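The following exercises concern the structure shown below. Each task is followed by a solution in steps.

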Amino acid sequence: MARYVMQRLLAMLLTLFIIVTVAFLVIRLMPSSIYDDPTISAEVLDMIQAKYHLDRPLIEQYGIFMKNVLLKGDWGISMKIQPNIPVFQVLGGKVPLTLFINLVSLLASIPIGLVFGAFAAIKKNTMTDHGISLFVILFISIPSFIYATLLQYFAAYKFGWFPITYTVSDMASVKYLSLFLPTLSLALDPMAKVARYMRAELIESLNSEYILLARTKGFTRSKAIFRHAIRNSCIPVLNIVVPMFANVLGGSLVVESIFAIPGMGSLMIKSINANDHYLTIAILLIYSLVSLMTVLVVDLLYAVIDPRVRMGGKKQ
Amino acid sequence: MSKNNPILQVKDLTVSFNAFAGKVQAVRGVSFDLNKGETLCIVGESGSGKSVTNKAIMGILSKNAVIDRGEILYDGMDLTKLTEEQFCQIRGKRIAMVFQDPLSALNPIMKVGKQITETLCVHQKLSHEQAKKRALELMAAVGIPEPEKRFDQYPFQFSGGMRQRIVIVIALACNPEILICDEPTTALDVTIQSKILDLIKEIKQERNLSVIFITHNMGVVANMADRICVMYAGKIVEFGTCDDIFYHPAHPYTWALLSAMPDSESRERLFSIPGAPPNMLMPPKGDAFAPRNHYALDIDFKEEPPFFKLSDTHYAATWLLHPYAPRVEMPEELKRRIDRMVEEDMEYECK
């Protein structure tokens with residue numbers, strides 16, 4: 001197991017290296033240069049360009065960047081958003097906020113989705129099932145920023161249950177309360193997806209012979225389902241967690257702006273618009289790292305749930 | 001019907017399914033007795049209602065199934081009227097079932113040991129250690145080598161035949177009185193088939209089980225049965241002892257089934273029954289087999305034949321046995337086959 005994890009971590013480093021390389025080269029393809037302020041005189045501009053090596057060919061710039069990263073761990077400085085501050089210092093306080101709303105919405109949506117999906121499957125073709133399925137379709141087909149707006153308008157503005165935007169406060173309760181709506185609006189879509197998959201998988205399991213066998217053993221239907229079908233149905237559901245998380249990360253870019261959360265999402269949009277390239281690369285790196293970690297965790301979970309995966313490689 | 005004491009009686013059982021297109025009449029008034037210690041084979045082609053009959057006995061019909069009529073009497077109870085809770089006291093404990101496909105009957109992600117012991121823990125309230133001990137004994141008894149090691153393995157580490165043995169262990173765990181085998185060898189290859197059949201015979205003898213054996217393989221029937229029910233289109237068309245059915249078949253459907261059985265002597269092209277079974281959404285009037293029956297009489301298309309008695313043990317539902325019916329003999333080729341079978345049996349017994 002430890003060896004497997006090490007292999008995966010090495011592969012992850014390689015992936016990150018490729019992502020950073022592609023990001024570095026592709027971002028430069030965007031029109032307009034980093035410094036094109038007409039009020040700066042040509043001499044000063046030349047000096048700035050020289051200082052940041054912007055007058056060299058792109059490949060050479062990449063070489064310098066990589067050398068700094070690998071040898072000194074220096075990911076460059078922010079040029080526009082907070083000039084001359086190292087990129088990770090700029091990101092510092094923002095990463096936890098973004099990770100919080102993304103991971104909490106993901107982690108909360110999976111069990112809730114499983115419960116609703118299981119419920120719909122067991123009550124297949126009843127009003128309960130139709131009701132759940134209706135909401136599932138609604139939540140999947142409408143993008144998260146629409147709920148974000150609706151929730152903000154009704155729950156926060158009209159009824160005043162929650163703060164309208166992110167509130168900085170010493171009181172943790174106020175802070176987390178203001179993060180509730182954005183987290184909820186991000187959680188609805190993954191919740192619906194998990195419910196949909198769980199329903200389909202469980203219905204399949206319910207028709208399987210091993211459930212019949214469990215019933216012939218003398219279990220009631222619900223006991224047979226609980227002991228034999230639920231865990232089996234969770235395995236395929238795990239498959240969708242990775243793409244789902246990528247989706248949540250994407251959604252949070254917009255949702256953060258709606259609720260004025262000073263997280264990575266809004267910073268990323270700002271840094272791209274401002275041509276703050278090193279900052280953009282750093283943000284992409286964090287997003288990639290988080291996604292790759294999710295993939296790794298999901299793959300390890302497979303082994304925990306499914307003995308066929310765990311023992312597949314072993315000799316009998 | 002029988003002078004023995006029946007352990008299970010099915011009377012006029014009628015089961016239908018509410019399907020999208022209407023009511024599918026899967027079982028239409030089936031009656032039979034299962035005597036203590038005997039093996040009753042139910043034969044018939046796919047869709048003849050064999051499995052549905054037995055699922056009704058086990059109380060595991062799917063949700064859209066309705067028992068319209070009839071009763072299943074066991075130990076003074078009518079199984080069709082039990083609540084789910086009451087049924088759970090019988091299933092697994094007193095009536096157990098072996099499934100067709102051992103590859104899909106076991107939970108793929110649960111250790112086989114646990115799948116065996118959970119029955120014991122539910123019904124006999126054994127402790128974990130006691131249950132394990134009993135499971136290991138049973139595993140050894142059905143011929144699973146190294147039961148200690150196998151106990152902690154998963155189904156995917158077993159071969160098909162070994163998995164079927166595990167399914168049999170699960171069925172036997174609580175010492176049931178009745179064992180229902182729903183085509184237990186269909187999914188296995190031929191060499192394993194005979195081993196599993198021998199195993200079922202052996203445990204039946206040892207434990208004095210009463211067995212209902214469902215199959216469409218006449219070869220298996222000959223090997224296993226004490227008595228045979230032949231089913232077609234949701235009805236029993238002929239029943240009798242093994243000898244009655246194999247040596248003196250009376251219903252044209254039984255003739256057809258026996259003619260369609262390959263044997264090593266025949267030189268002719270193997271007989272196949274023309275046409276397809278009727279659509280059970282609208283079962284035909286009269287004898288359901290009539291449209292495919294070479295010997296069908298006019299009345300077969302109008303009225304259902306009652307059972308005619310051939311001997312104390314042997315009954316068949318065909319108008320051909322009516323005193324007014326024209327005398328029809330079974331096909332020549334089948335007669336020759338039966339003569340050969342009788343000869344072979346004699347030789348076998350002389351040896």
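**Exercise 1. Backbone angles in two loops**

Task: Locate N208(B) and K125(B), and state the phi value and the exposure of each residue.

Solution.
Step 1. N208(B) is found in the loop between α8 (190-207) and β8 (210-215) of chain B. Helices (H or I, at least four residues) and strands (E, at least two) are DSSP runs, numbered from the N terminus. As for conventions, the model is predicted, so local features need pLDDT of at least 70 and side-chain atom pairs count only at pLDDT 80 or more, whereas totals for chains, interfaces and linings use all residues. Residues are numbered from 1 along each chain as its sequence is written, chains are lettered from A and ligands numbered from 1 in the order in which they are written, and side-chain values use heavy atoms, with hydrogens and water left out.
Step 2. The phi angle of N208(B) is near 55°, which is positive although the residue is not glycine. Most residues other than glycine have a negative phi.
Step 3. With a relative accessible area of 42%, N208(B) is partly exposed. The classes are buried (under 20% relative accessible area), exposed (over 50%) and partly exposed (in between), with a 1.4 Å probe and protein chains only.
Step 4. K125(B) sits in the loop between α4 (112-123) and α5 (128-141) of chain B. Its phi is near 55°, again a positive value in a residue other than glycine. K125(B) has a relative accessible area of 65% and is therefore exposed.

**Exercise 2. Salt bridges within and between chains**

Task: How many salt bridges are there over all chains, and which parts does the pair R215(A) and E84(B) join?

Solution.
Step 1. Side chains of opposite charge can pair when their charged atoms come close. The criterion is a side-chain nitrogen of Lys or Arg within 4 Å of a carboxyl oxygen of Asp or Glu. By this rule there are 27 salt bridges over all chains.
Step 2. R215(A) and E84(B) form a salt bridge with an N to O distance of 3.5 Å. Because R215(A) belongs to helix α9 (residues 209-216) of chain A and E84(B) to helix α2 (residues 84-88) of chain B, the pair joins two chains.
Step 3. R215(A) is buried at 9% relative accessibility, and E84(B) is partly exposed at 29%. R215(A), E84(B) and R91(B) are linked in a network of salt bridges.
Step 4. K23(B) and D68(B) meet in a salt bridge at 3.4 Å, N to O. K23(B) lies in strand β2 (residues 22-35) and D68(B) in strand β4 (residues 65-74) of chain B, so this pair ties together parts that are 45 residues apart in sequence. K23(B) is partly exposed at 39%, as is D68(B) at 38%.
Step 5. D312(B) forms a salt bridge with K309(B), with the closest N and O atoms 3.2 Å apart. Both D312(B) and K309(B) are exposed.

**Exercise 3. Charged surface patches**

Task: Which helix gives the most to the negative patch, and which residues gather in the positive patch?

Solution.
Step 1. For charged patches, residues with over 30% relative accessible area and no salt bridge are taken, and like charges are joined within 9 Å. Lys and Arg count as positive and Asp and Glu as negative, while His and the chain ends are not counted.
Step 2. The negative patch gathers D243(B), E265(B), D339(B), E343(B), E344(B), D345(B) and E347(B) on the surface. Helix α12 (residues 332-350) of chain B gives the most, with five residues.
Step 3. E347(B) is placed in helix α12 of chain B and is partly exposed at 48% relative accessibility.
Step 4. The positive patch consists of R231(A), R310(A), K111(B) and K114(B). K111(B) occupies the loop between α3 (102-105) and α4 of chain B, and its 34% relative accessibility makes it partly exposed.

**Exercise 4. Enclosed positions**

Task: Is S205(A) buried or exposed, and how many residues of helix α11 of chain B are buried?

Solution.
Step 1. S205(A) is part of helix α8 (residues 172-206) of chain A. At 7% relative accessibility, S205(A) is buried.
Step 2. Not counting residues up to four places away in sequence, S205(A) touches Y210(A), I211(A), A229(A), N232(A) and S233(A); contact means heavy atoms within 4.5 Å.
Step 3. In helix α11 (residues 252-259) of chain B, eight of the eight residues are buried, so the helix is largely enclosed by the rest of the structure. Among them are Y253(B) and W255(B).

Methods. Patches are made of residues with over 30% relative accessible area and no salt bridge: like charges are joined within 9 Å, nonpolar side chains (Val, Leu, Ile, Met, Phe, Trp, Tyr) within 5 Å. Accessible areas come from the Shrake-Rupley method with a 1.4 Å probe; for residues, only the protein chains shown count as cover. The place of a charge is taken as NZ of Lys, CZ of Arg, CG of Asp or CD of Glu.
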